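Please work through the following exercises on a helical pair with the sequence and the structure at hand.

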Amino acid sequence: MNSSGLRRYAAEQAADARRTLAEHRTEAYTGVCRSCGRPEPCDEQRAARTRLAHHDATLHALRAGRATSA
Ligand SMILES: [Zn+2]
């Protein structure tokens with residue numbers, strides 16, 4: 001995968017993870033996920049957090065490494 005393909009892939013994955021996090025919000029009063037009804041943090045929310053952190057780091061690294069060559 002070339003760097004622009006990787007960048008696009010990481011951006012899509014990060015956006016998708018953000019959508020999942022927005023869906024799997026924890027209800028403040030009950031402490032359960034409002035999408036799947038599990039106690040927080042639900043599996044989806046945890047997985048999305050990990051995915052977002054990973055792909056955000058990739059995007060930052062690409063940005064930092066390519067600031068002058070793009
Ligand atoms: Zn959930």
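Three exercises with solutions follow. The model is predicted: local features need pLDDT of at least 70, side-chain atom pairs count only at pLDDT 80 or more, and totals for chains, interfaces and linings use all residues. Residues are numbered from 1 along each chain as its sequence is written.

**Exercise 1.** Determine how H1 and H2 are oriented to each other.

Step 1. Helices are DSSP runs of H or I with at least four residues, numbered from the N terminus. H1 covers residues 3–23 and H2 residues 43–65.

Step 2. The two pack at an angle of about 150°, with axes 8 Å apart. Axes are lines fitted to C-alpha atoms over the stretch in contact, and angles run from 0 to 180 degrees between N-to-C directions.

Step 3. H1 and H2 are therefore roughly antiparallel, a term for angles over 145 degrees.

**Exercise 2.** Describe the contact of H1 with H2 and the buried residues of H2.

Step 1. Among the H1 residues that meet H2 are Leu6, Ala10 and Leu21; Ala48, His55 and Leu62 are among their H2 counterparts. Contact requires C-beta atoms, placed from the backbone, within 7 Å.

Step 2. In H2, Gln45, Ala48 and His55 are buried, with 20 or more other C-beta atoms within 10 Å of their own. H1 is part of what covers the buried residues of H2.

**Exercise 3.** Which peptide bond is cis, and where is its proline placed?

Step 1. The cis bond joins glutamate 40 and proline 41, with omega about -15°.

Step 2. Proline 41 lies in the loop between H1 and H2.

Conventions: Angles under 35 degrees count as roughly parallel, over 145 as roughly antiparallel, 65 to 115 as roughly perpendicular and the rest as oblique. Two residues are in contact if their C-beta atoms, placed from the backbone, lie within 7 Å. A residue is buried if 20 or more other C-beta atoms lie within 10 Å of its own, exposed if 12 or fewer, and partly exposed in between; C-beta atoms are placed from the backbone.
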